[in-house]
Amino acid sequence: MTAVSRRDFARLLALTGSAAMFPELGKGGPLNLTRAPLPATPAEPDEAYWKAVRARYLVPADLAFLNAANLCPTSLPVVETLERNTRFLDADPSAASRAKLTAGREESRRLLAVALRVTPEEIVMTRNTSEANNFVSSGLQLGTGDEVVIFGDNHPSNLQAWNDKAKRFGFTVVTVPVVLPHPGTDAYVSAFTNAMTPRTKLLAITHVTNTIGDMLPVAELCAMARQRGVMSLVDGAQTFGVLNLDLSVMRPDFYSGSAHKWLCGPKEIGLLFVDKGVHDRISPSIVALYPGAVGISRTMEGYGQRDEAALATLGSAVTFQETIGREAIEKRSRALAERLVSQLQTVPGVTFWSSTDATRYAAIVVFKPAALDPRRLASTLYEKDRIAVATSGGTARPGIRMSPHIYNTIDEVDRAVAAIRKYVASGLPA
Ligand SMILES: Cc1ncc(COP(=O)(O)O)c(C=O)c1O
(Lines give C-alpha, C1' and ligand atoms only; values in the text may rest on other atoms or scores of the structure.)
Protein backbone atom coordinates (compact mmCIF):
# COMPACT_ATOMS: atom_id res chain seq x y z
CA MET A 1 0.00 0.00 0.00
CA THR A 2 1.44 3.45 -0.92
CA ALA A 3 1.56 6.28 1.63
CA VAL A 4 -1.30 8.08 -0.10
CA SER A 5 -3.57 5.07 -0.31
CA ARG A 6 -2.81 4.18 3.31
CA ARG A 7 -3.91 7.68 4.34
CA ASP A 8 -7.07 7.39 2.22
CA PHE A 9 -7.77 4.01 3.72
CA ALA A 10 -7.39 5.34 7.26
CA ARG A 11 -9.75 8.23 6.45
CA LEU A 12 -12.31 5.87 4.98
CA LEU A 13 -12.11 3.64 8.02
CA ALA A 14 -12.62 6.62 10.31
CA LEU A 15 -15.62 7.74 8.26
CA THR A 16 -17.36 4.42 8.17
CA GLY A 17 -16.25 3.49 11.67
CA SER A 18 -19.29 5.19 13.27
CA ALA A 19 -18.66 8.13 15.60
CA ALA A 20 -17.02 10.30 12.95
CA MET A 21 -19.87 9.71 10.56
CA PHE A 22 -22.72 10.20 13.03
CA PRO A 23 -21.41 12.72 15.54
CA GLU A 24 -24.91 13.57 16.78
CA LEU A 25 -25.98 10.02 17.55
CA GLY A 26 -26.82 9.29 21.14
CA LYS A 27 -27.25 12.95 22.04
CA GLY A 28 -31.01 12.89 22.61
CA GLY A 29 -32.66 14.09 25.78
CA PRO A 30 -33.73 11.97 28.76
CA LEU A 31 -35.53 8.76 27.92
CA ASN A 32 -38.61 7.47 29.64
CA LEU A 33 -38.57 3.91 28.35
CA THR A 34 -39.85 0.59 29.54
CA ARG A 35 -39.53 -2.93 28.20
CA ALA A 36 -42.60 -4.19 30.06
CA PRO A 37 -45.44 -5.43 27.83
CA LEU A 38 -48.12 -2.86 27.04
CA PRO A 39 -51.02 -2.90 29.51
CA ALA A 40 -54.38 -4.01 28.10
CA THR A 41 -56.17 -1.19 26.30
CA PRO A 42 -59.01 0.12 28.51
CA ALA A 43 -62.46 0.52 26.95
CA GLU A 44 -61.92 4.29 27.14
CA PRO A 45 -58.11 4.76 27.09
CA ASP A 46 -57.07 7.66 29.34
CA GLU A 47 -53.94 9.81 29.31
CA ALA A 48 -52.15 7.39 31.65
CA TYR A 49 -52.61 4.63 29.05
CA TRP A 50 -51.25 6.81 26.24
CA LYS A 51 -48.27 7.75 28.40
CA ALA A 52 -47.62 4.01 28.72
CA VAL A 53 -47.65 3.77 24.90
CA ARG A 54 -45.28 6.78 24.76
CA ALA A 55 -42.89 4.92 27.11
CA ARG A 56 -42.45 2.25 24.39
CA TYR A 57 -40.79 4.74 22.03
CA LEU A 58 -37.19 5.90 21.92
CA VAL A 59 -38.19 9.51 21.30
CA PRO A 60 -36.69 11.49 24.22
CA ALA A 61 -39.15 12.67 26.84
CA ASP A 62 -38.48 16.34 26.05
CA LEU A 63 -39.06 16.03 22.29
CA ALA A 64 -42.60 16.53 20.99
CA PHE A 65 -42.42 14.70 17.67
CA LEU A 66 -45.41 15.93 15.64
CA ASN A 67 -44.37 14.82 12.17
CA ALA A 68 -45.84 11.34 11.65
CA ALA A 69 -46.83 12.23 8.08
CA ASN A 70 -43.15 12.28 7.18
CA LEU A 71 -41.50 9.39 9.04
CA CYS A 72 -42.57 7.72 12.28
CA PRO A 73 -40.38 6.40 15.07
CA THR A 74 -40.45 2.63 15.46
CA SER A 75 -41.51 1.33 18.86
CA LEU A 76 -38.94 -0.29 21.14
CA PRO A 77 -40.36 -3.84 20.85
CA VAL A 78 -40.17 -3.58 17.07
CA VAL A 79 -36.66 -2.06 17.13
CA GLU A 80 -35.59 -4.99 19.30
CA THR A 81 -37.24 -7.56 17.02
CA LEU A 82 -35.46 -5.99 14.07
CA GLU A 83 -32.16 -6.14 15.90
CA ARG A 84 -32.75 -9.78 16.84
CA ASN A 85 -33.65 -10.72 13.27
CA THR A 86 -30.66 -8.81 11.89
CA ARG A 87 -28.27 -10.49 14.34
CA PHE A 88 -29.79 -13.87 13.48
CA LEU A 89 -29.15 -13.32 9.77
CA ASP A 90 -25.69 -11.87 10.20
CA ALA A 91 -24.65 -14.71 12.48
CA ASP A 92 -25.41 -17.20 9.73
CA PRO A 93 -26.62 -15.97 6.32
CA SER A 94 -26.95 -19.51 5.03
CA ALA A 95 -29.95 -20.91 3.18
CA ALA A 96 -31.32 -22.69 6.26
CA SER A 97 -31.53 -19.58 8.43
CA ARG A 98 -32.75 -17.44 5.54
CA ALA A 99 -35.60 -19.90 5.09
CA LYS A 100 -36.72 -19.09 8.64
CA LEU A 101 -36.80 -15.37 7.82
CA THR A 102 -38.72 -16.18 4.64
CA ALA A 103 -41.36 -17.83 6.79
CA GLY A 104 -41.40 -14.63 8.88
CA ARG A 105 -41.90 -12.58 5.70
CA GLU A 106 -45.00 -14.63 4.84
CA GLU A 107 -46.28 -14.21 8.40
CA SER A 108 -45.86 -10.43 7.98
CA ARG A 109 -47.95 -10.65 4.79
CA ARG A 110 -50.64 -12.60 6.62
CA LEU A 111 -50.79 -10.04 9.44
CA LEU A 112 -50.92 -7.16 6.97
CA ALA A 113 -53.82 -8.83 5.19
CA VAL A 114 -55.69 -9.31 8.48
CA ALA A 115 -55.13 -5.65 9.39
CA LEU A 116 -56.50 -4.49 6.04
CA ARG A 117 -59.29 -7.12 5.95
CA VAL A 118 -58.13 -8.65 2.67
CA THR A 119 -56.24 -11.84 1.74
CA PRO A 120 -52.46 -12.48 1.78
CA GLU A 121 -52.76 -13.41 -1.91
CA GLU A 122 -53.55 -9.73 -2.61
CA ILE A 123 -50.53 -8.21 -0.80
CA VAL A 124 -47.21 -7.20 -2.36
CA MET A 125 -44.55 -6.01 0.08
CA THR A 126 -42.86 -3.17 -1.79
CA ARG A 127 -40.14 -0.79 -0.64
CA ASN A 128 -42.52 2.12 -0.04
CA THR A 129 -45.64 3.88 -1.32
CA SER A 130 -43.71 5.55 -4.14
CA GLU A 131 -42.71 2.18 -5.54
CA ALA A 132 -46.21 0.74 -5.06
CA ASN A 133 -47.80 3.66 -6.96
CA ASN A 134 -45.23 3.32 -9.74
CA PHE A 135 -45.85 -0.44 -9.99
CA VAL A 136 -49.42 0.46 -10.96
CA SER A 137 -48.58 3.22 -13.45
CA SER A 138 -45.86 1.08 -15.07
CA GLY A 139 -47.61 -2.27 -14.85
CA LEU A 140 -51.02 -1.71 -16.45
CA GLN A 141 -51.59 -2.08 -20.17
CA LEU A 142 -52.51 1.53 -20.93
CA GLY A 143 -51.92 3.21 -24.27
CA THR A 144 -53.22 5.54 -26.94
CA GLY A 145 -56.92 6.25 -26.52
CA ASP A 146 -56.93 5.42 -22.80
CA GLU A 147 -57.45 8.01 -20.07
CA VAL A 148 -56.43 8.10 -16.42
CA VAL A 149 -58.20 10.50 -14.04
CA ILE A 150 -55.99 11.73 -11.21
CA PHE A 151 -56.35 14.17 -8.31
CA GLY A 152 -54.32 17.38 -8.57
CA ASP A 153 -53.16 17.09 -4.96
CA ASN A 154 -51.66 13.60 -5.28
CA HIS A 155 -48.08 13.02 -4.12
CA PRO A 156 -45.55 13.22 -7.01
CA SER A 157 -45.35 9.39 -7.10
CA ASN A 158 -49.03 9.37 -8.06
CA LEU A 159 -49.08 12.64 -10.08
CA GLN A 160 -45.79 13.34 -11.81
CA ALA A 161 -45.40 9.59 -12.33
CA TRP A 162 -48.67 9.41 -14.29
CA ASN A 163 -47.69 12.39 -16.44
CA ASP A 164 -44.28 10.89 -17.21
CA LYS A 165 -45.76 7.52 -18.10
CA ALA A 166 -48.48 9.13 -20.23
CA LYS A 167 -45.68 10.55 -22.38
CA ARG A 168 -44.02 7.15 -22.58
CA PHE A 169 -47.06 4.92 -23.16
CA GLY A 170 -49.35 7.35 -25.04
CA PHE A 171 -52.37 7.53 -22.71
CA THR A 172 -53.96 10.79 -21.54
CA VAL A 173 -54.09 12.17 -17.99
CA VAL A 174 -57.09 14.20 -16.81
CA THR A 175 -56.44 16.08 -13.55
CA VAL A 176 -59.21 17.01 -11.13
CA PRO A 177 -58.03 20.09 -9.20
CA VAL A 178 -57.98 20.37 -5.43
CA VAL A 179 -60.75 22.65 -4.07
CA LEU A 180 -60.04 24.92 -1.09
CA PRO A 181 -61.44 24.66 1.45
CA HIS A 182 -62.42 20.97 1.21
CA PRO A 183 -65.86 21.09 -0.46
CA GLY A 184 -67.19 17.80 1.01
CA THR A 185 -68.09 14.37 -0.32
CA ASP A 186 -70.75 15.29 -2.87
CA ALA A 187 -68.66 18.00 -4.51
CA TYR A 188 -65.64 15.72 -4.91
CA VAL A 189 -67.72 12.77 -6.14
CA SER A 190 -69.34 14.94 -8.80
CA ALA A 191 -66.02 16.55 -9.80
CA PHE A 192 -64.48 13.11 -10.40
CA THR A 193 -67.64 11.74 -12.02
CA ASN A 194 -67.67 14.67 -14.45
CA ALA A 195 -64.04 14.00 -15.37
CA MET A 196 -64.82 10.41 -16.45
CA THR A 197 -65.36 9.54 -20.10
CA PRO A 198 -65.90 6.20 -21.85
CA ARG A 199 -62.11 6.15 -22.38
CA THR A 200 -61.29 6.35 -18.64
CA LYS A 201 -59.52 3.21 -17.44
CA LEU A 202 -58.30 4.21 -13.99
CA LEU A 203 -58.90 6.68 -11.17
CA ALA A 204 -55.82 7.55 -9.06
CA ILE A 205 -56.54 9.42 -5.83
CA THR A 206 -55.14 10.00 -2.34
CA HIS A 207 -56.94 8.98 0.82
CA VAL A 208 -55.49 11.83 2.92
CA THR A 209 -53.25 14.38 1.22
CA ASN A 210 -49.75 15.04 2.51
CA THR A 211 -49.98 18.68 1.40
CA ILE A 212 -52.91 19.88 3.52
CA GLY A 213 -54.36 16.74 5.10
CA ASP A 214 -57.69 16.73 3.23
CA MET A 215 -59.48 13.36 3.42
CA LEU A 216 -61.16 12.25 0.22
CA PRO A 217 -64.37 10.19 0.13
CA VAL A 218 -62.47 7.20 -1.22
CA ALA A 219 -65.16 4.55 -0.70
CA GLU A 220 -67.68 6.62 -2.68
CA LEU A 221 -65.11 7.39 -5.39
CA CYS A 222 -64.03 3.74 -5.73
CA ALA A 223 -67.71 2.68 -5.95
CA MET A 224 -68.40 5.29 -8.61
CA ALA A 225 -65.39 4.09 -10.62
CA ARG A 226 -66.31 0.41 -10.18
CA GLN A 227 -69.85 1.06 -11.49
CA ARG A 228 -68.27 2.40 -14.67
CA GLY A 229 -65.81 -0.47 -15.05
CA VAL A 230 -62.95 1.89 -14.13
CA MET A 231 -60.11 0.64 -11.88
CA SER A 232 -59.06 2.66 -8.83
CA LEU A 233 -55.73 3.31 -7.08
CA VAL A 234 -55.90 4.80 -3.59
CA ASP A 235 -52.64 6.19 -2.18
CA GLY A 236 -52.89 5.37 1.51
CA ALA A 237 -49.50 6.66 2.67
CA GLN A 238 -51.27 8.97 5.14
CA THR A 239 -53.92 6.50 6.33
CA PHE A 240 -52.28 3.06 6.55
CA GLY A 241 -51.38 2.51 10.21
CA VAL A 242 -53.58 5.29 11.57
CA LEU A 243 -57.14 4.85 10.28
CA ASN A 244 -59.10 1.71 11.08
CA LEU A 245 -59.12 0.60 7.45
CA ASP A 246 -61.31 -2.03 5.87
CA LEU A 247 -60.34 -2.43 2.24
CA SER A 248 -63.15 -4.95 1.76
CA VAL A 249 -65.54 -2.02 2.29
CA MET A 250 -63.48 0.68 0.55
CA ARG A 251 -62.99 -1.67 -2.42
CA PRO A 252 -60.13 -0.04 -4.33
CA ASP A 253 -58.44 -2.17 -6.99
CA PHE A 254 -55.06 -0.97 -5.73
CA TYR A 255 -54.11 0.54 -2.37
CA SER A 256 -50.57 1.65 -1.45
CA GLY A 257 -48.84 2.49 1.83
CA SER A 258 -45.52 2.74 3.68
CA ALA A 259 -44.70 0.78 6.85
CA HIS A 260 -42.24 3.48 7.98
CA LYS A 261 -45.00 6.06 8.29
CA TRP A 262 -48.01 5.63 10.60
CA LEU A 263 -47.51 1.89 11.12
CA CYS A 264 -44.23 2.74 12.90
CA GLY A 265 -42.66 -0.25 11.17
CA PRO A 266 -39.23 -1.00 9.73
CA LYS A 267 -37.91 1.51 7.20
CA GLU A 268 -38.06 0.93 3.47
CA ILE A 269 -41.00 -1.44 3.43
CA GLY A 270 -44.31 -0.57 1.88
CA LEU A 271 -47.28 -2.38 0.49
CA LEU A 272 -49.40 -2.64 -2.59
CA PHE A 273 -52.80 -4.26 -2.26
CA VAL A 274 -53.98 -5.67 -5.59
CA ASP A 275 -57.61 -6.82 -5.65
CA LYS A 276 -57.84 -10.39 -6.96
CA GLY A 277 -60.19 -9.19 -9.72
CA VAL A 278 -57.33 -7.30 -11.41
CA HIS A 279 -54.43 -9.73 -10.94
CA ASP A 280 -54.52 -10.53 -14.64
CA ARG A 281 -54.39 -6.84 -15.61
CA ILE A 282 -51.07 -5.88 -14.03
CA SER A 283 -47.57 -7.02 -14.99
CA PRO A 284 -44.49 -6.91 -12.77
CA SER A 285 -42.23 -3.90 -13.34
CA ILE A 286 -39.26 -5.87 -12.03
CA VAL A 287 -38.61 -9.48 -12.91
CA ALA A 288 -35.98 -11.22 -10.81
CA LEU A 289 -35.50 -13.82 -8.07
CA TYR A 290 -36.85 -14.29 -4.52
CA PRO A 291 -40.59 -13.63 -4.98
CA GLY A 292 -43.23 -13.96 -2.29
CA ALA A 293 -44.95 -17.31 -1.72
CA VAL A 294 -48.61 -16.63 -2.44
CA GLY A 295 -50.93 -14.95 -4.96
CA ILE A 296 -49.80 -11.78 -6.67
CA SER A 297 -46.55 -11.69 -4.65
CA ARG A 298 -45.33 -14.66 -6.70
CA THR A 299 -45.07 -12.44 -9.78
CA MET A 300 -44.83 -8.91 -8.41
CA GLU A 301 -42.55 -9.32 -5.40
CA GLY A 302 -39.58 -11.06 -6.94
CA TYR A 303 -37.05 -8.31 -7.13
CA GLY A 304 -33.83 -9.72 -5.89
CA GLN A 305 -32.21 -9.58 -2.48
CA ARG A 306 -34.23 -7.68 0.11
CA ASP A 307 -33.69 -6.94 3.79
CA GLU A 308 -35.15 -10.25 4.94
CA ALA A 309 -34.76 -9.33 8.61
CA ALA A 310 -36.85 -6.18 8.11
CA LEU A 311 -39.53 -8.00 6.09
CA ALA A 312 -39.83 -10.60 8.84
CA THR A 313 -40.05 -7.82 11.45
CA LEU A 314 -42.92 -6.02 9.75
CA GLY A 315 -45.43 -8.39 11.33
CA SER A 316 -44.36 -7.33 14.81
CA ALA A 317 -45.19 -3.70 13.96
CA VAL A 318 -48.67 -4.81 12.90
CA THR A 319 -49.03 -6.85 16.10
CA PHE A 320 -47.90 -3.92 18.28
CA GLN A 321 -50.70 -1.82 16.77
CA GLU A 322 -53.22 -4.66 17.05
CA THR A 323 -52.40 -4.85 20.77
CA ILE A 324 -53.43 -1.22 21.15
CA GLY A 325 -56.39 -1.66 18.77
CA ARG A 326 -57.05 -0.08 15.39
CA GLU A 327 -60.15 1.76 16.54
CA ALA A 328 -58.32 3.18 19.57
CA ILE A 329 -55.40 4.32 17.36
CA GLU A 330 -57.67 6.15 14.94
CA LYS A 331 -59.70 7.74 17.73
CA ARG A 332 -56.61 8.93 19.61
CA SER A 333 -54.76 10.40 16.62
CA ARG A 334 -57.85 12.18 15.38
CA ALA A 335 -58.65 13.50 18.86
CA LEU A 336 -55.14 14.98 19.14
CA ALA A 337 -55.51 16.56 15.69
CA GLU A 338 -58.91 17.99 16.64
CA ARG A 339 -57.40 19.43 19.81
CA LEU A 340 -54.68 21.07 17.69
CA VAL A 341 -57.29 22.60 15.38
CA SER A 342 -59.54 23.89 18.14
CA GLN A 343 -56.65 25.44 20.07
CA LEU A 344 -54.95 26.92 17.00
CA GLN A 345 -58.27 28.54 16.11
CA THR A 346 -57.83 30.70 19.22
CA VAL A 347 -54.39 31.99 18.14
CA PRO A 348 -54.88 35.44 16.53
CA GLY A 349 -54.01 35.46 12.82
CA VAL A 350 -53.68 31.68 12.38
CA THR A 351 -55.62 30.43 9.34
CA PHE A 352 -55.98 26.92 8.00
CA TRP A 353 -55.12 25.22 4.74
CA SER A 354 -56.66 22.03 6.15
CA SER A 355 -60.37 21.69 6.54
CA THR A 356 -61.50 22.42 10.09
CA ASP A 357 -64.48 20.10 9.67
CA ALA A 358 -63.42 16.96 11.57
CA THR A 359 -65.13 14.69 9.02
CA ARG A 360 -62.84 16.06 6.28
CA TYR A 361 -59.41 15.51 7.82
CA ALA A 362 -57.79 12.69 9.82
CA ALA A 363 -54.55 13.32 11.75
CA ILE A 364 -52.78 15.96 9.62
CA VAL A 365 -53.29 19.67 10.29
CA VAL A 366 -51.79 22.40 8.08
CA PHE A 367 -52.06 26.10 8.88
CA LYS A 368 -50.57 29.51 8.15
CA PRO A 369 -48.89 30.84 11.31
CA ALA A 370 -50.14 34.44 10.93
CA ALA A 371 -47.35 36.62 9.49
CA LEU A 372 -44.51 34.29 10.54
CA ASP A 373 -42.29 32.58 7.99
CA PRO A 374 -43.19 28.85 8.27
CA ARG A 375 -39.62 27.68 7.65
CA ARG A 376 -38.14 29.88 10.31
CA LEU A 377 -40.93 28.99 12.71
CA ALA A 378 -40.39 25.25 12.14
CA SER A 379 -36.66 25.49 12.79
CA THR A 380 -37.18 27.70 15.87
CA LEU A 381 -39.70 25.24 17.29
CA TYR A 382 -37.18 22.44 16.84
CA GLU A 383 -34.09 24.30 18.07
CA LYS A 384 -35.57 26.30 20.95
CA ASP A 385 -38.64 24.32 22.01
CA ARG A 386 -37.86 20.68 21.07
CA ILE A 387 -40.99 20.43 18.91
CA ALA A 388 -40.63 18.67 15.55
CA VAL A 389 -43.07 19.76 12.84
CA ALA A 390 -42.89 20.00 9.04
CA THR A 391 -43.37 22.86 6.63
CA SER A 392 -45.84 22.18 3.88
CA GLY A 393 -47.34 23.39 0.67
CA GLY A 394 -44.30 24.91 -1.08
CA THR A 395 -44.80 28.46 -2.29
CA ALA A 396 -48.46 27.97 -3.25
CA ARG A 397 -49.75 27.02 0.23
CA PRO A 398 -46.96 27.78 2.68
CA GLY A 399 -47.67 26.58 6.18
CA ILE A 400 -46.81 24.40 9.13
CA ARG A 401 -47.87 20.75 9.09
CA MET A 402 -48.46 18.91 12.35
CA SER A 403 -49.33 15.23 12.44
CA PRO A 404 -49.83 13.71 15.90
CA HIS A 405 -49.88 9.96 16.49
CA ILE A 406 -50.25 7.43 19.32
CA TYR A 407 -46.90 8.26 20.92
CA ASN A 408 -47.94 11.89 21.46
CA THR A 409 -49.52 13.17 24.63
CA ILE A 410 -52.00 15.96 25.24
CA ASP A 411 -49.22 17.85 27.03
CA GLU A 412 -47.12 17.80 23.86
CA VAL A 413 -49.97 19.09 21.72
CA ASP A 414 -50.67 21.87 24.22
CA ARG A 415 -46.99 22.74 24.47
CA ALA A 416 -46.80 23.07 20.67
CA VAL A 417 -49.81 25.41 20.52
CA ALA A 418 -48.45 27.49 23.42
CA ALA A 419 -45.11 27.91 21.62
CA ILE A 420 -46.85 29.00 18.42
CA ARG A 421 -49.03 31.43 20.34
CA LYS A 422 -45.88 32.91 21.92
CA TYR A 423 -44.05 33.38 18.60
CA VAL A 424 -47.14 34.78 16.84
CA ALA A 425 -47.50 37.36 19.64
CA SER A 426 -43.85 38.31 20.07
CA GLY A 427 -42.17 37.35 16.78
CA LEU A 428 -39.34 34.88 16.16
CA PRO A 429 -35.95 35.30 17.81
CA ALA A 430 -33.34 36.80 15.50
C1 LIG B 1 -49.64 10.73 0.01
C2 LIG B 1 -48.25 10.22 -0.12
N3 LIG B 1 -47.95 9.34 -1.08
C4 LIG B 1 -46.73 8.82 -1.22
C5 LIG B 1 -45.71 9.19 -0.37
C6 LIG B 1 -44.36 8.59 -0.55
O7 LIG B 1 -44.03 7.78 0.53
P8 LIG B 1 -42.63 7.03 0.53
O9 LIG B 1 -41.57 8.10 0.54
O10 LIG B 1 -42.65 6.22 1.76
O11 LIG B 1 -42.59 6.25 -0.73
C12 LIG B 1 -45.95 10.12 0.64
C13 LIG B 1 -44.88 10.56 1.53
O14 LIG B 1 -45.00 11.46 2.31
C15 LIG B 1 -47.26 10.64 0.77
O16 LIG B 1 -47.57 11.50 1.73
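In the predicted model, Q238 is a buried residue, with a relative accessible area of 6%. Q238 is placed in the loop that runs between strand β6 (231–235) and helix α9. Two polar contacts of its side chain were identified within the protein. The side chain of Q238 approaches the backbone oxygen of A69 at 2.9 Å, and a further polar contact, at 2.7 Å, joins the side chains of Q238 and W262. Q238 also belongs to the surroundings of the ligand, where Q238 is listed with S130, D235, S258 and K261 as the residues that come nearest.

The ligand is surrounded by 14 residues. By residue class, this shell comprises 2 nonpolar, 10 polar and 2 charged residues. Several polar approaches to the ligand can be specified at the level of atoms. An N or O atom in the side chain of D235 lies 2.6 Å from a nitrogen atom of the ligand, while a polar side-chain atom of K261 is found 2.7 Å from a ligand oxygen atom. The backbone contributes as well: an N or O atom of the main chain of T129 is 3.3 Å from an oxygen atom of the ligand. Of the 400 Å² that the ligand exposes when taken alone, 87% is buried by the protein.

Aromatic contacts were examined next. A search over the whole structure returned 10 aromatic pairs. One of them is formed by F65 and Y407, whose ring centres are 6.3 Å apart and whose planes meet at 50°, a tilted arrangement. This pair connects parts of the chain that are distant in sequence, with the two positions 342 residues apart: F65 is in strand β1 (residues 64–65), whereas Y407 is in the loop between β13 (399–402) and α14 (410–426). F65 has a relative accessible area of 17% and is classed as buried because this value is under the 20% limit. Y407 is likewise buried, with a relative accessible area of 2%. In a second pair, the rings of F135 and Y303 have centres separated by 5.7 Å and planes at 90°, and the pair is therefore edge-to-face. This contact also bridges distant segments, 168 residues apart, since F135 belongs to helix α5 (residues 129–139) and Y303 to the loop between α10 (297–300) and α11 (308–324). F135 and Y303 are both buried. Beyond individual pairs, a single aromatic cluster brings together Y57, F65, F320 and Y407.

Aromatic rings are also met by cationic side chains. The charged end of K368 is positioned over the ring of W353, at 4.7 Å from the ring centre. R98 is placed over the face of Y290, at a distance of 5.5 Å from the centre of that ring.

The backbone geometry shows several notable local features. The peptide bond that leads from L180 to P181 is in the cis form, with omega near -10°. P181 is part of the loop between β4 (172–176) and α7 (185–195). Positive phi values at residues other than glycine were found at R251 and C264. For R251, phi is about 55°, and the residue is situated in the loop between α9 (247–250) and β7 (254–258). For C264, phi is near 60°, and its location is the loop between β7 and β8 (270–274). The two residues were assigned to separate accessibility classes. R251 is partly exposed, at a relative accessible area of 39%, whereas C264 is buried, at 2%.

Finally, D90 was considered with regard to exposure and separation in space. D90 lies in helix α3 (residues 76–91). The relative accessibility of D90 is 58%, so this residue counts as exposed. Between D90 and R226, which stand 136 residues apart along the chain, the C-alpha atoms are separated by 47 Å.

Methods. Residues numbered from 1 in each chain as written. Predicted model: local features only at pLDDT ≥ 70, side-chain atom pairs only at ≥ 80, totals over all residues. Heavy atoms only, no water. Phe/Tyr/Trp six-rings, centres within 6.5 Å; stacked < 30°, edge-to-face > 60°. Helix = DSSP H or I, 4+ residues; strand = E, 2+ residues; numbered from the N terminus. Buried < 20%, exposed > 50% of the residue type's maximum accessible area, 1.4 Å probe, protein only. Lys NZ or Arg CZ within 6 Å of the ring centre and 35° of its normal. Near = heavy atom within 4 Å. Polar contact = N/O pair within 3.5 Å; in protein donor to acceptor, adjacent residues only side chain to side chain. Areas by Shrake-Rupley, 256 points an atom, 1.4 Å probe, with all protein chains shown as cover. Nonpolar A, V, L, I, M, F, W, Y, C, P; charged D, E, K, R; others polar.
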